[in-house]
Amino acid sequence: QDYEGEGEISISNARLRFLFDTIKSGVAVYRAVNKGEDFIFVDFNHSAEEMEGIKKENLIGKSVLEVFPGVKQFGLFDVFQRVWRTGQSEHHPISIYRDERGVRWRDNYVYRSPSGEVIAVYEDVTERKRSELALRMSEQRFRAIADYTYDWESWVSPGGNLLWVNPAVERISGYPVAECMKMTTTNMMMLTMVHEQDREKIAAVLEYARKNVGSKGEGVEFRIRRKDGVIIWVEMAWQSIFDNKGVCQGYRSSIRDINERKLAENA
């Protein structure tokens, strides 16, 4: 029976080692020294080696403060101490780790094993955070340009839905952005704003812009009825929009107020 029990323990340990070595998350195992004033590496899995660019044999027995000097500023060292003392697992949320090797984003879960080791299971979320920051910067640049463009700019989906319109729409048409977005489709906007005698022409132009991927046009003159009832002349240009993979995302239209010019021409 003792032999069988030892065999089962051996199999269990082999399973744990297989999981440890193959899991995609980084796993680091530490032993507390000097009553929790420092922690030394006991084990380090393959995924952690790849994330950190450090071989396991080069850090076993070394202090975490020596290998990762930014661990205290990162806030993780305090978590190690609390978990070691209390036995209560903790999540150290996504944070920036900095040292001479660069800047990385890490998401850590810290546990204490029954034998007293502190175990950190963590994910490298650097690329995700960089993508989020790039997207945020891109969005900010887009807003800085688009929201302050003088002409009335709109983005229409391939299905004809209004996805975005800039604040200049209110200066030209009298309709605020929120009210325009409630119109949902360009057809609804056309029926609301375009002069009755120009609706058929503009409906054909918008349908052509929607259906003909890669098309563009300019110089389309028509009248709109402002929200206050005043009729003015505007001029529209449009072109298809593509993402970085070449997939059409609809088209962009640009409308400017040419009423003074038309009045001068008529005079």
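1. In this predicted model, five strands form an open sheet in the order β7-β6-β10-β9-β8, and the pairing is antiparallel. The edges are β7 (162-165) and β8 (216-225), each of which pairs on one side only. From one strand to the next, the twist averages 25°. Strands of a sheet pair through backbone hydrogen bonds, either parallel or antiparallel.

2. Strand β6 (residues 152-156) is joined to β10 (residues 248-257) by 5 bridges, and the two strands run antiparallel. Trp152 has Ile255 of β10 as its bridge partner. Toward β7, β6 makes 3 bridges, again with antiparallel strands. Here Trp155 is the residue whose bridge partner in β7 is Trp164.

3. β6 and β7 form a hairpin, with 5 residues between the two strands. Gly160, in the turn, has a positive phi of about 95°. As for burial, 4 of the 5 residues of β6 are buried, so the strand is largely enclosed by the rest of the structure.

4. Two helices should be read together with the sheet. Helix α11 (residues 259-266) lies across β8, β9 (231-242) and β10, and runs at about 125° to β9. Helix α10 (residues 199-211) uses its buried residues to pack against α9 (186-193), β8, β9 and β10.

5. The geometry of α10 is as follows. The helix has 13 residues, and the distance from its first C-alpha to its last is 18 Å, close to the 18 Å expected at 1.5 Å a residue. Ile202, Val205, Leu206 and Ala209 are buried in α10. Seen down the helix axis, the buried residues fall within an arc of 95°, so they line one face of α10. Glu200 and Lys211, on the other side of the helix, are exposed.

6. Which residues touch the most other members of the largest nonpolar core? They are Trp152 and Phe222, in a core of 26 residues. At least two residues of this core come from each of β6, β7, α7 (168-173), α9, α10, β8, β9 and β10. There is also a second, separate core of 25 residues, which includes Val64, Tyr97, Val110 and Val118.

7. The contacts of Phe222, leaving aside neighbours within four places in sequence, are with Val194, Asp198, Lys201, Ile202, Ile232, Trp233, Val234, Met236 and Ile255. Two of these residues appear in earlier points: Ile202 is buried in α10, and Ile255 is the bridge partner of Trp152.

8. Tyr122 belongs to strand β5 (residues 118-124). Is Tyr122 buried or exposed? Its relative accessibility is 6%, and buried means under 20%, so Tyr122 counts as buried. Leaving aside neighbours within four places in sequence, Tyr122 is in contact with Ser25, Gly26, Val27, Phe44, Ala48, Met51, Glu52, Arg106, Asp107 and Asn108.

9. One distance relates Tyr122 to a residue of β10. Ser253 lies 131 residues from Tyr122 along the chain, and their C-alpha atoms are separated by 47 Å. Ser253 falls within the residue range 248-257 of β10, while Tyr122 lies in β5.

Key
Residues are numbered from 1 along each chain as its sequence is written. This is a predicted model: local features need pLDDT of at least 70, side-chain atom pairs count only at pLDDT 80 or more; totals for chains, interfaces and linings use all residues. Side-chain values use heavy atoms; hydrogens and water are left out. Two strands pair if DSSP finds at least two bridges between them. Axes are lines fitted to C-alpha atoms, for helices over the stretch in contact, and angles run from 0 to 180 degrees between N-to-C directions. Contact means heavy atoms within 4.5 Å. Buried means under 20% relative accessible area, exposed over 50%, partly exposed in between (1.4 Å probe, protein chains only). The expected span of a helix is 1.5 Å times one less than its number of residues. The arc is that of the directions from the helix axis to the C-beta atoms. A nonpolar core is a set of buried Ala, Val, Leu, Ile, Met, Phe, Trp, Tyr and Cys residues joined through side-chain atoms within 4.5 Å.
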